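I sat down with this one to look up the overall fold, the cysteines and the charged pairs. My notes are below the picture.

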Amino acid sequence: MSSFGQVLLRDIRTMLDECAPGHRIEERTHHYCVYYQDKVYPTLPKGPHGKSNPLIQKGHIKKMARHLGILECAKSVLSL
């Protein structure tokens, strides 16, 4: 998975539904907190203000997936 490029937030949510069943996402002021099992990734960016489905940089997705232990599944679902 390259760290360059961007993915739509809705595609990230779809990936989390498949790779991290039972996850929870909480919206904060500037970021989303993603909870999965006993791990928390607190800095998934929200993107530009006012966008309902922003593009998120792949580097953030890769870091989140590695932290949550779902990197291989994320690679296959997002076709990266």
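These entries go from the whole chain down to single side chains.

**Entry 1: what I am looking at.** I note first that this is a predicted model, and I read every value below as computed from that prediction.

**Entry 2: the fold.** I looked up the secondary structure and found three helices and five strands. Walking along the sequence, I get the order β-α-β-β-β-β-α-α.

**Entry 3: overall dimensions.** I checked the radius of gyration next. The chain comes out at 11 Å, which agrees with the value near 12 Å for a compact globule with 80 residues. Along the principal axes, I read a C-alpha span of about 30 × 25 × 15 Å.

**Entry 4: inside and outside.** How much of the chain is buried? I find that 36% of the 80 residues are. The accessible surface adds up to about 4,800 Å², and carbon and sulfur atoms account for 48% of that. I also looked at contacts between residues at least 6 apart in sequence: 50% of them join residues at least 24 apart.

**Entry 5: the disulfide.** I went through the cysteines and found one disulfide in the structure. The partners are Cys19 and Cys73, with the sulfurs 2.0 Å apart. Cys19 sits in helix H1 (residues 9-19) and Cys73 in helix H3 (residues 71-78), so the bond ties together parts that are 54 residues apart in sequence. I looked up the handedness too: the torsion about the S-S bond is about -80 degrees, so this disulfide is left-handed.

The two ends differ in cover. Cys19 is buried at 8% relative accessible area, whereas Cys73 is partly exposed at 26%.

**Entry 6: the other cysteine I checked.** Why is Cys33 not bonded to Cys19? Its closest cysteine sulfur is indeed the one in Cys19, but that sulfur is 20 Å away, too far for a bond. A disulfide needs the two sulfurs within 2.5 Å. Cys33 is also buried, with 7% relative accessible area.

**Entry 7: salt bridges around Glu26.** I find four salt bridges in the structure. Which residues are linked in a network of them? I get Arg24, Glu26 and Arg28. Glu26 meets Arg24 at 3.1 Å, N to O, and it meets Arg28 at 2.7 Å. I looked up the accessibility of each member of this trio. Arg24 is partly exposed at 42%, Glu26 is partly exposed at 26%, and Arg28 is partly exposed at 40%.

**Entry 8: the Glu27 bridge.** Glu27 has a salt bridge with Lys46, where the closest N and O atoms lie 2.8 Å apart. Glu27 belongs to strand E2 (residues 24-27), while Lys46 is in the loop between strand E4 (39-45) and strand E5 (55-57), so this pair ties together parts that are 19 residues apart in sequence.

Is each partner buried or exposed? Glu27 counts as exposed at 55% relative accessibility. Lys46 is buried, with a relative accessible area of 18%; the cut-off for buried is under 20%.

**Entry 9: to keep in mind.** For the cross-links, I am keeping two pairs on my list: the Cys19 to Cys73 disulfide and the Glu27 to Lys46 salt bridge.

How values were computed
Residues numbered from 1 in each chain as written. Predicted model: local features only at pLDDT ≥ 70, side-chain atom pairs only at ≥ 80, totals over all residues. Heavy atoms only, no water. Helix = DSSP H or I, 4+ residues; strand = E, 2+ residues; numbered from the N terminus. Buried < 20%, exposed > 50% of the residue type's maximum accessible area, 1.4 Å probe, protein only. Salt bridge = Lys/Arg side-chain N within 4 Å of Asp/Glu carboxyl O. Rg over C-alpha atoms; globule rule 2.2 N^0.38 Å. Contact = heavy atoms within 4.5 Å. Areas by Shrake-Rupley, 256 points an atom, 1.4 Å probe, with all protein chains shown as cover.
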